[in-house]
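Hi everyone, thanks for making time for this. I'd like to walk you through one protein model, slowly enough that you can follow along on your own screen.

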Amino acid sequence: MGLRRAMDPQFGTLLREIQAQTDSSDNVLDYIVSLTRYNYAHDDAGVISALRPSGMQALQSVQNYWSFEIAGTDPTGLRGERC
């Protein structure tokens, strides 16, 4: 599995990262999960067009959460698929 990243499709920012921790034989021991939250301020100045909502988004704050571990192996590979 290695490293999996989930990106925000609108802004392209990193939301979640899952890193597999392995032993010398590449057996998965556990996973390290890191989460980040981005808050945006919206300037709603009226409708620009029917296809694009009004206003501009500006990054207001970034919150990095403490990483945490998920113990155990993942023989079916489903944990990484949800990333």
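I'll start with the overall layout and then visit a few residues one by one.

Please keep in mind that this is a predicted model. So what is it built from? The protein has 1 helix and 5 strands. If you walk along from the N terminus, the order of the elements is β-β-β-β-β-α, with the helix coming after the strands.

Now the outside and the inside. The protein has 83 residues, and 20% of them count as buried. About 6,400 Å² is exposed, and 52% of that comes from carbon and sulfur atoms. As for how the chain meets itself, take the contacts between residues at least 6 apart in sequence: 38% of them join residues at least 24 apart.

Let's zoom in on the aromatic rings. How many aromatic pairs does the structure hold? It holds 1. The partners are Phe-11 and Tyr-40, and their rings are stacked, with 3.9 Å from centre to centre and 15° between the planes. Planes under 30 degrees apart count as stacked, which is why this pair gets that label. What I like here is where the two partners sit. Phe-11 is in the loop between strand S1 (3-7) and strand S2 (14-22), while Tyr-40 is in strand S3 (residues 28-43), so the pair links distant parts of the chain, 29 residues apart.

Are these two buried or exposed? Phe-11 is partly exposed, at 30% relative accessible area. Tyr-40 has 18% and counts as buried, because the limit for buried is under 20%.

Stay in that loop between S1 and S2 for a moment, since Asp-8 is there as well. Asp-8 is buried, with a relative accessible area of 17%. A polar atom of the Asp-8 side chain lies 3.1 Å from the backbone nitrogen of Phe-11, so Asp-8 meets one of our ring partners through its backbone. Leaving out residues up to four places away in sequence, Asp-8 touches Thr-13 and Leu-15. Try measuring from Asp-8 to Tyr-38 too: they are 30 residues apart in sequence, and their C-alpha atoms are 9.7 Å apart.

Next stop, Leu-14, which is in strand S2. Leu-14 is partly exposed at 25% relative accessible area. Which residues does Leu-14 touch, not counting those up to four places away in sequence? They are Arg-5, Ala-6, Met-7, Thr-36 and Tyr-38.

That list brings us to Thr-36, found in strand S3. Thr-36 is buried, with a relative accessible area of 16%. Its side chain makes a polar contact of 3.0 Å with the side chain of Asn-64. Beyond its neighbours within four places in sequence, Thr-36 is in contact with several residues, among them Leu-14, Leu-15, Val-62 and Tyr-65.

Finally, look at Leu-35, also a residue of strand S3. Leu-35 is partly exposed, at 30% relative accessibility. The C-alpha atoms of Leu-35 and Leu-14 are 8.3 Å apart, with their places 21 residues apart along the chain. Leu-35 also belongs to a nonpolar patch on the surface, together with Tyr-65, Phe-68 and Ile-70. Together, these residues have about 310 Å² of accessible area.

That's my tour, and I'm happy to go back to any stop you like.

Terms used:
Residues numbered from 1 in each chain as written. Predicted model: local features only at pLDDT ≥ 70, side-chain atom pairs only at ≥ 80, totals over all residues. Heavy atoms only, no water. Phe/Tyr/Trp six-rings, centres within 6.5 Å; stacked < 30°, edge-to-face > 60°. Helix = DSSP H or I, 4+ residues; strand = E, 2+ residues; numbered from the N terminus. Buried < 20%, exposed > 50% of the residue type's maximum accessible area, 1.4 Å probe, protein only. Polar contact = N/O pair within 3.5 Å; in protein donor to acceptor, adjacent residues only side chain to side chain. Contact = heavy atoms within 4.5 Å. Patch = residues over 30% accessible without salt bridge, like charges linked within 9 Å, V, L, I, M, F, W, Y side chains within 5 Å. Areas by Shrake-Rupley, 256 points an atom, 1.4 Å probe, with all protein chains shown as cover. Salt bridge = Lys/Arg side-chain N within 4 Å of Asp/Glu carboxyl O.
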